[in-house]
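Subject: Structure for your review

Dear colleague,

Please find below the structure that I am handing over to you. I should be grateful if you would read the notes after it with the structure open.

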Amino acid sequence: MNPATALATVLVDELVRCGVTDLVLAPGSRSAPLALAAHEQARLRLHVRIDERSASFLALGLAKRSERPVALVCTSGTAAANFHPAVIEASESGVPLLLLTADRPPELRGTGANQTIDQVKLYGSAVRWFAEIGVPEDRPGQVAYWRSLACRAYQRATGPMDPGPVHLNVAFREPLIPDGDATWCESLEGDAGGAWTRARVAPPSAALHLAPTRRGVLVVGDGAVNVRRYVAAAGMAGWPVLSEPNGGGRYGDHAVSTYHFLLGDQEFAEAHRPDVVVTLGRPGLSRPLLSWLRRAEEHIVVAPDLTRWPDPTRSATQVAQAVEIPIASGGDAWLRSWRHSDQVARDAIDEVLGASGLSEPRLARDLAELLPNGSLLFCGSSMPIRDLDQAMRPRRGLRLMANRGASGIDGLVSSAIGAALAHNGPAYALIGDLTLLHDQNGLILGPREPRPDLCLVVVNNDGGGIFSLLPQGALTGPFERVFGTPHGVDLAYLAAATGLPYTLVTEPDDLSKAVKGDGLRLVEARTDREGNAAVHAAMRDAVRAAMRP
């Protein structure tokens, strides 16, 4: 057996022993040993994509939804560089990826050999750990080294307190394909019990105990963990819960879903300054919420990993791995005030949306309401997730996800497909037109690839709608070309080119019927950027007026 085949066989086998069930491959020549080993591994679900960036975001979506490491393989050169955006997103959002980048052996590096770049620590600080495996050799001791290395990579990617991407750079000398000889100088098998090594996880430190208070608030952002436990504790303590849609805490009687507009009202924000705020995850969708957090006297950030705690407002007064929220005695005027204001704001918002026609906030609100329990909704990182944050009512039974680690729009189609493939139930995605066009390669699936049950709902306002809501929108001269970026693409033809069923929605009442079906399909809703900005302003003004009857 040639060394390249031996190394690839052992690496793939050990990763499967550790728990990897999915491997995403972008084909190439130098990575042939890994590709063939993955193809022959019966316990592995293989996904093949022609574009490395699409492949990497597919792996991201798979790992994000399954909450377990996914292996990602490519050839040498710029192929590996195309993984970088997904690696950054995985790092920022704590998603476990195992990157196996094939490379030239040392004697071919720095010589001008084809597809050869410096891949050593290519992703810098965006990975949790890097290892240069070294060129495999036919000598005793190699199998133990390879297996322990693969197991360590798997354990480091899973965390447990700080999950994220891990990079193994794998150098192969030719020959790259099996030579028909199955002999090796030692057994290629691992130990009989499973993985080569086993990592033990130390128990977390004791939780921080808070003083009893009725005037507390729980804020839930992206990437929050143990959400149900904290929401239940906040309910017992009489605290309102301000949860972003993708935070997983927007349900139940204590959920205040209109906090963006309430905290944008200066009078309300000043009258509702809490004794303590406990934050889970990374809040970042609402500027009024972030401004309000800056004024909090006591702001406790819960972070399982104390080396990487989220505090974008730099207002944290304490950081803890866990917090105990005690039941507080006394009246419930605090919670009653939040809930009454939330209902007033909700009525005002719904009145505006009812008269808005097929507006983007209404589309987001209605889609979140009509999806069946057990559904996954993957959200675009620009306006779709913000529209959901501002318009979505509390509900149970819906899993919302978004790439909010670095908050980019790249790779969203592939990420949604990956998440749908890992989800046990129907899946949907709400994305913008630029997001779709940025990752249209993600729609290209070969005839033998696993296909998701995913409905892509695309809001098409012919450009970048979020800029119309930012200060750039006032720059009437250069705005349309350098910010609005109209593209004029007919999405029906894009769907036809990739063989996707396509539906155009023109009225709000058409949405429910349009999203029905199964398999990968595309639903388009055309909106107007200026009209969308007007609806957002109308919601804000309506809430402020309703708060002062």
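The notes below cover the sheets, the pockets and cavity, and some local features.

This is a predicted model, in which local features need pLDDT of at least 70 and side-chain atom pairs count only at pLDDT 80 or more, while totals for chains, interfaces and linings use all residues. Residues are numbered from 1 along each chain as its sequence is written, and side-chain values use heavy atoms, with hydrogens and water left out.

**Sheets**

Helices (H or I, at least four residues) and strands (E, at least two) are DSSP runs, numbered from the N terminus. Two strands are said to pair if DSSP finds at least two bridges between them. In general, strands of a sheet pair through backbone hydrogen bonds, either parallel or antiparallel.

One open sheet has six strands, in the order β15-β14-β16-β17-β19-β18, with parallel pairing. Its edge strands are β15 (398–402) and β18 (502–505), each of which pairs on one side only. Neighbouring strands of this sheet are turned by 20 degrees against each other on average, direction ignored. Axes here are lines fitted to C-alpha atoms, for helices over the stretch in contact, and angles run from 0 to 180 degrees between N-to-C directions. Within the sheet, β14 (residues 375–379) and β16 (residues 427–432) pair in the parallel sense over four bridges, and L377 stands opposite Y428 in β16.

Two helices lie across strands of this sheet, where contact means heavy atoms within 4.5 Å. Helix α3 (residues 52–66) lies across β14 and β15 and runs at about 140 degrees to β15. Helix α14 (residues 412–422) lies across β14, β16 and β17 (454–460), running at about 165 degrees to β14.

Another open sheet has five strands in the order β9-β8-β10-β11-β12, and its pairing is also parallel. Strands β9 (241–243) and β12 (318–320) stand at the edges with a single partner strand each, so one side of each is left without a neighbour in the sheet. Strand β11 (residues 299–302) is joined to β12 by three bridges, the two running parallel; the bridge partner of I300 in β12 is Q318. Helix α7 lies across β8 (216–220), β9, β10 (276–280) and β11, at about 160 degrees to β8.

**Pockets and cavity**

The search used a 1 Å grid over the protein atoms alone: a cavity is a set of points where a 1.4 Å probe fits but cannot get out, a pocket is an open set with protein on both sides within 12 Å along at least five of seven lines, and lining residues have an atom within 4 Å of a point. Grid points are joined across faces, edges and corners, and a volume is the space filled by probe spheres set on the points. For the residue classes, Ala, Val, Leu, Ile, Met, Phe, Trp, Tyr, Cys and Pro count as nonpolar, Asp, Glu, Lys and Arg as charged, and the others, Gly among them, as polar.

The largest pocket holds about 1,500 Å³ of space. Of the 49 residues that line this pocket, E67, D222, G223, A224 and V225 lie nearest its centre. Strand β15 gives the most to the lining, with five residues. By class, the lining has 23 nonpolar, twelve polar and 14 charged residues.

The second largest pocket has a volume of about 650 Å³. It is lined by 19 residues, with H260, R287, P288, Q390 and L469 nearest its centre. Helix α19 supplies the largest share of this lining, five residues.

The structure holds one cavity of 30 Å³ or more. Its lining consists of T279, P283, L293, H299, V301, P310, D311, P312 and T313.

**Local features**

Most residues other than glycine have a negative phi, and most peptide bonds are trans. E67, which is not a glycine, has a positive phi of about 60 degrees; E67 is placed in the loop between α3 and β3 (70–74). Cis peptide bonds join G159 and P160, with omega about 5 degrees, and E174 and P175, with omega about 10 degrees.

There are 34 salt bridges in the whole structure (a side-chain nitrogen of Lys or Arg within 4 Å of a carboxyl oxygen of Asp or Glu). One salt bridge is between R17 and D13 (2.7 Å, N to O). These two residues are four apart in helix α1 (residues 3–18), and therefore separated by about one helical turn.

With kind regards
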